Amino acid sequence: MRGVFITLEGADGCGKTTQATLVAAALEARGREVVRLREPGGTPISEKVRALLLDPANAEMVPECELLLYEASRAQLVRQVIEPALERGACVLCDRYYDSTFAYQAGGRGLDETLVRQSNVLGSCGRVPDRTLVLDLDPALGFARATAGGVDRMEAEGLAFQERVRNAYLRLASEEPSRVRLVDASGKKEEVTARVLAALDDLWGE
Ligand code: TMP
């Protein structure tokens, strides 16, 4: 079996993490080895970088520092975990990847898009997902869900930021329709899982 690289994306509170669990179980039931990862994170170094990025105490962090930390965390994850997993034929299911950087650092923060795209090439070591699913939900709903238990440094940016993030995702889906698919994330979680699995169907050409 060839390795398959799938990424899940969306604004905060869109239900990605719940869907990653349900989709991983469905793929495992079909006999696939599934490696579940999250970004930033997934290696000891990347988890330390995650803590720096999300700590509300780091309110003084400048956008360029933020961008480079997300890329640094990613490069470590790609080389240490994602590439070896794909080489042995696993299905890698990653909760966020470089489209988050486009949506949050270019869309949300307003960093130069070309610069962010170039940084993404470096941070991903050139590794492009086979399929990216953007779980699309009304940002007000997602934001309320994400912040119910307190806010991290990114969520502290507020609802207008999340709306810019969502618009950037919508643009990505229209620019790269064969890789990036929008999935309606409203409704019951089982219904969303069925939509997610349907959006992956053409990948299993074994
Ligand atoms: P999450 O794991 O709960 O989704 O939190 C990660 C946060 O970091 C979330 O607010 C999205 C943000 N983020 C970026 O701003 N840029 C990135 O490249 C990634 C991977 C995440």
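Student: At 24% relative accessibility, is Cys-125 buried, partly exposed or exposed?

Tutor: Buried means under 20% relative accessible area, exposed over 50%, and partly exposed in between (1.4 Å probe, protein chains only). Cys-125, at 24%, therefore counts as partly exposed. This is a predicted model, in which local features need pLDDT of at least 70, side-chain atom pairs count only at pLDDT 80 or more, and totals for chains, interfaces and linings use all residues. Residues are numbered from 1 along each chain as its sequence is written, and side-chain values use heavy atoms, with hydrogens and water left out.

Student: What is the sign of phi in Cys-125 and in Arg-96?

Tutor: Most residues other than glycine have a negative phi. Cys-125 has a positive phi near 50°; its place is the loop between helix H5 (113–123) and strand E4. Helices (H or I, at least four residues) and strands (E, at least two) are DSSP runs, numbered from the N terminus. Arg-96 also has a positive phi, about 80°, and sits in the loop between strand E3 (91–95) and helix H4 (98–108). At 12% relative accessibility, Arg-96 counts as buried.

Student: Which residues does a cis peptide bond join?

Tutor: Most peptide bonds are trans. Here a cis bond links Glu-39 to Pro-40, with omega about -10°. Pro-40 belongs to the loop between strand E2 (34–38) and helix H2 (44–54).

Student: Which residues of helix H8 are buried?

Tutor: In H8 (residues 189–198), they are Val-192, Thr-193, Val-196 and Leu-197. Seen down the axis of H8, these fall within an arc of 135° (taken from the directions from the helix axis to the C-beta atoms), so they line one face of the helix. They pack (heavy atoms within 4.5 Å) against helix H1 (16–29), strand E4 (131–136) and strand E5 (180–184).
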